[in-house]
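Work through the following exercises with the structure open beside you, and try each task before reading its solution.

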Amino acid sequence: MDVVVRCQDVKKTFGTRTALQDITVKIPSHQVVGILGPNGSGKSSLFRLILGLNQPDSGEISVLGRKPGWNNNHQIAYLPDRARWYGDHTVEGAFQWGMDLLPGFDASKANELADWMEIDKKMRVDGMSKGQEARLMLIMCLARNVPLIVLDEPFTGIDTPSRERIIDALIDRVTEREQTILISTHEIYEAEGLFDSVFFMNEGRVELSGPAEELRAKHGSMVELVGKMSHGGRGR
């Protein structure tokens, strides 16, 4: 099995708070991978290490076969939690910005996704609903021909129709291209059908991982499993 992210005994602290505790994982490539867990479990901290935005205090991490950082971030499309665009962009302006600055950005794919997701390309971002803006943010990631896409809470606060379109777009893109998509989300009920593999985090540790179908067969739904872990269980 190909691996897109390897962590060996990775630890990360922020002041007196331990965000990640001795993480040792291999995240498979060419899959949709769910990184799940309650608030404060370490999901966003792991993503920031993958992007090279923070460095581990100890242990080793490799992404796409290299140490994470600016030298390989051109191969990663990242949608952070609470991402925002400048209000004076139109959708067309955002696509032009993508062509100028984002490696692998495919404007024809972006336009196709905008039509399919019902985004008016003449619209200014400051006139968009939260759901429309969330769809635009996702388009900017999915329109890039890069091996790794990292989505941190792409569904939070988004209306149900927009969530459905986002999930449909993710399914369409995964079946079409050889990419790995990492998704952290609390909206597990709607998203769990996307996942090929899942990593459950709690209190800075990966407590359970494996193929999604195997975990469902053994433990029930992802929603139930996260609930058990949030209340002190380990899903065993």
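**Exercise 1.** At what angle do H2 and helix H4 pack, and how far apart are their axes?

*Solution.* Keep in mind that this is a predicted model. As a start, locate helix H4 at residues 130-142; H2 and H4 pack at an angle of about 25°, and their axes are 11 Å apart. Next, compare this angle with the cut-off, since angles under 35 degrees count as roughly parallel, and therefore H2 is roughly parallel to H4. The handedness completes the description, for the crossing of H2 and H4 is right-handed.

**Exercise 2.** Identify which residues in H2 meet which residues in H4.

*Solution.* On the side of H2, look for Val-91, Ala-94, Phe-95, Trp-97 and Gly-98, which meet Leu-136, Ile-139 and Met-140 on the side of H4.

**Exercise 3.** Classify the aromatic pair that Phe-95 and Phe-105 form, and explain which parts the pair ties together.

*Solution.* Begin with the count, which comes to one aromatic pair. In this pair, the rings of Phe-95 and Phe-105 are 6.2 Å apart, centre to centre, with 45° between the planes, and the pair is tilted. Then place the residues: Phe-95 lies in helix H2 (residues 91-101), whereas Phe-105 lies in the loop between H2 and helix H3 (107-116), so the pair ties together parts that are ten residues apart in sequence. Finally, consider accessibility, where buried means under 20% relative accessible area: Phe-95, with 4%, is buried, and Phe-105, at 10%, counts as buried too.

**Exercise 4.** Find the ring over whose face Lys-12 lies.

*Solution.* Lys-12 lies over the face of Phe-14, at 5.2 Å from the ring centre.

Note on methods:
Residues numbered from 1 in each chain as written. Predicted model: local features only at pLDDT ≥ 70, side-chain atom pairs only at ≥ 80, totals over all residues. Heavy atoms only, no water. Phe/Tyr/Trp six-rings, centres within 6.5 Å; stacked < 30°, edge-to-face > 60°. Helix = DSSP H or I, 4+ residues; strand = E, 2+ residues; numbered from the N terminus. Buried < 20%, exposed > 50% of the residue type's maximum accessible area, 1.4 Å probe, protein only. Lys NZ or Arg CZ within 6 Å of the ring centre and 35° of its normal. Axes fitted to C-alpha atoms, helices over the stretch in contact; angles between N-to-C directions. Parallel < 35°, antiparallel > 145°, perpendicular 65-115°, else oblique. Left-handed = near helix turned anticlockwise from the far one by under 90°. Contact = heavy atoms within 4.5 Å.
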